[in-house]
Amino acid sequence: ILNFVAHDIRNPLNNIEALSNLIVSNNNNNNNNSEIKMIAASAKQAKEIINDLLDGVKPNSNCIKTNLSDSLMSIMQKWYANTKRNIEFNDYSSKNLANINPSKLERVIDNLISNSIKFSKDHQPITITLSNTTSEFYIKIEDFGIGIPADLQKNIFNQFSTSGREGLKGEKSTGLGLHISKKLIEEHQGQLVMTSIENKGTTFTITLPLV
């Protein structure tokens, strides 16, 4: 049912977002585009909520043996092309293959990097590190931003978490992203954990089994 409803809702949202962006692009000399930009941003946010809900109910499928290092580098290349933030990728792995659904892993990595950007200042770097033991891969996403207060950390992975906060530039939180990310990693027989110190930064660590 959710799939049918989401499909029918996404089509008009796509139209709203596309038409809003078209109006903005055709009125570059007009400084009063803030309302139109808000419409486009709201449509995009609504689509992201729908995607989160769908990811939360879809069973894990299409897992394939994948070179994890190459997969992460592909994700990073997309970020390098679309943001000016200093995002460092360090690959210390000595193994390659993991049994993953590449698109779902990309969604998790994108969500964690987006969170790091939201809660750290523009000049603060974000570090992605891949390493492994004899049985597991570790992917660490580390920022040096405002961190998460201790009283909010216990609920951070809850669905519709009340621990959600606005980003440093006013970005909204739905309370779904981290819950969905944790669920997707657990479907890969892995774990997603978080450590954070307020005003010093946050690290999310993904653990995935080696093939």
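D110 is buried at 16% relative accessibility, where buried means under 20% relative accessible area, exposed over 50% and partly exposed in between, with a 1.4 Å probe and protein chains only. The residue belongs to helix α4; helices (H or I, at least four residues) and strands (E, at least two) are DSSP runs numbered from the N terminus. The model is a predicted one, in which local features need pLDDT of at least 70 and side-chain atom pairs count only at pLDDT 80 or more, while totals for chains, interfaces and linings use all residues. Residue numbers start from 1 along each chain as its sequence is written, and side-chain values use heavy atoms, with hydrogens and water left out.

Around D110, leaving aside neighbours within four places in sequence, the residues in contact (heavy atoms within 4.5 Å) are I75, K78 and W79. With K78, the side chain of D110 makes a polar contact of 2.5 Å. A polar contact is a pair of N or O atoms within 3.5 Å; within protein, one must be able to donate a hydrogen and the other to accept it, and residues adjacent in sequence count only if both atoms are side-chain atoms.

The two side chains also meet the rule for a salt bridge, at 2.5 Å from N to O. That rule asks for a side-chain nitrogen of Lys or Arg within 4 Å of a carboxyl oxygen of Asp or Glu, and by it the count comes to 6. The pair of K78 and D110 links distant parts of the chain, 32 residues apart: K78 lies in helix α3 (residues 68-82) and D110 in helix α4 (residues 102-118). Whereas D110 is buried, K78 counts as partly exposed at 30% relative accessibility.

A further salt bridge joins D122 and R85, whose closest N and O atoms are 3.9 Å apart. This pair, too, links distant parts of the chain: D122 sits in the loop between α4 and β4, R85 in the loop between α3 and β2 (87-91), and 37 residues separate them. D122 is partly exposed, with a relative accessible area of 48%, and R85 is buried at 9%.

In helix α6 (residues 177-187), the partners are K182 and E186, with closest N and O atoms 2.5 Å apart. Why are E186 and K182 separated by about one helical turn? They are separated by that much because they are 4 residues apart in the helix. Both count as partly exposed, E186 at 41% relative accessibility and K182 at 25%. Elsewhere, salt bridges that share partners join K78, E106 and D110 into one network.

Strand β4 (residues 126-132) contains N132, which counts as buried at 18% relative accessibility. What does the side chain of N132 reach at 2.6 Å? It reaches the backbone nitrogen of S94, and a polar atom of the same side chain lies 3.4 Å from the backbone nitrogen of K95. Not counting residues up to four places away in sequence, N132 touches Y92, S93, S94, K95, F137 and Y138.

Strand pairing comes next. Two strands pair if DSSP finds at least two bridges between them. Strand β1 (residues 64-67) and β3 do so in the antiparallel sense over 4 bridges, with K65 opposite N99 of β3. Strand β3 (residues 97-100) has a covered face of A98 and I100 and an uncovered face of L97 and N99.

Strand β7 (residues 201-209) has 8 of its 9 residues buried, so it is largely enclosed by the rest of the structure. It pairs antiparallel with β5 (residues 136-143) over 7 bridges, where I141 stands opposite F204. Strand β6 (residues 191-197) is also joined to β7, by 7 bridges and in the antiparallel sense, and there Q191 stands opposite T207. The hairpin of β6 and β7 has 3 residues between the strands, and N199 takes a positive phi near 70° in it.

The nonpolar side chains remain. In soluble globular proteins, such side chains tend to be buried together. A nonpolar core is a set of buried Ala, Val, Leu, Ile, Met, Phe, Trp, Tyr and Cys residues joined through side-chain atoms within 4.5 Å. The largest one here has 34 residues, of which L68, I109, I128, I139, I206 and L208 touch the most other members. Beyond four places in sequence, the residues touched by I139 include L68, L72, I109, I128, F204, I206 and L208.
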